[in-house]
Amino acid sequence: LMNKRIYSLSPTITMTSSNPNNKFPIKLFQILQEAETTPYLAEIVSWLPDGKSFKVHQKEKFSRSILPATFGTNVYKSFQRNLHFWGYHNIRKGASKGVCSHPCF
């Protein structure tokens, strides 16, 4: 059984549905920031060295542990739809396959 503490935000970050700031980009940013100081989380999802893009390294673990805790779903395709809705771009081929970025980064 997987440890429940796979993904927990620091106490200063609240992830309640009543928080009006819980928009997709903010939640995503919080996850990526947390990954910078949480090695196990960084194995699943992280910023890339350029600081302008990120990658989900382990989709299955991301779907099982991070998506339900943060976005209320375990369906990776829903996460991808949200990325596209918010203007993120995914690289689909080549060495950078799976890398996501946003024009504002």
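Two rings of Phe, Tyr or Trp, the last represented by its six-membered ring, are taken here as a pair if their centres lie within 6.5 Å, and a pair whose planes are over 60 degrees apart counts as edge-to-face. In this structure, which is a predicted model, that rule gives a count of ten aromatic pairs.

One of them is formed by F29 and W47, and because the ring centres are 6.4 Å apart and the planes stand at 70 degrees, the pair is edge-to-face. The contact joins distant parts of the chain, since F29 belongs to helix α1 (residues 24-35) while W47 lies in strand β1 (residues 45-47), with 18 residues separating the two. The partners also fall into separate classes of accessibility: F29 has a relative accessibility of 44% and therefore counts as partly exposed, whereas W47, with a relative accessible area of 16%, is buried, the cut-off for buried being under 20%.

A second example is the pair of F62 and F79, whose ring centres are 4.9 Å apart and whose planes meet at 65 degrees, so that this pair too is edge-to-face. Here the link runs between two helices, with F62 in helix α3 (residues 59-71) and F79 in helix α4 (residues 76-85), and the two positions, 17 residues apart, again represent distant parts of the chain. F62 is buried, at 0% relative accessibility, and F79 is likewise buried, with a relative accessible area of 2%. Both of these residues belong to an aromatic cluster, in which F62 and F79 are joined by F24, F54, F71, Y76 and Y88.

Helix α4, which holds F79, also carries K77. With a relative accessibility of 56%, K77 counts as exposed, because the exposed class begins over 50%. On the surface, K77 takes part in a patch of positive charge, where it gathers with K59, R81, R92 and K97.

These elements can now be placed in the wider plan of the protein, which contains four helices and four strands. Followed along the sequence, the order of elements is α-α-β-β-α-α-β-β. Of the 105 residues in the protein, 33% are buried, and W47, F62 and F79 are among them.

Note on methods: Residues numbered from 1 in each chain as written. Predicted model: local features only at pLDDT ≥ 70, side-chain atom pairs only at ≥ 80, totals over all residues. Heavy atoms only, no water. Phe/Tyr/Trp six-rings, centres within 6.5 Å; stacked < 30°, edge-to-face > 60°. Buried < 20%, exposed > 50% of the residue type's maximum accessible area, 1.4 Å probe, protein only. Patch = residues over 30% accessible without salt bridge, like charges linked within 9 Å, V, L, I, M, F, W, Y side chains within 5 Å. Areas by Shrake-Rupley, 256 points an atom, 1.4 Å probe, with all protein chains shown as cover. Salt bridge = Lys/Arg side-chain N within 4 Å of Asp/Glu carboxyl O. Lys, Arg positive; Asp, Glu negative; His and termini not counted. Charge placed at Lys NZ, Arg CZ, Asp CG, Glu CD.
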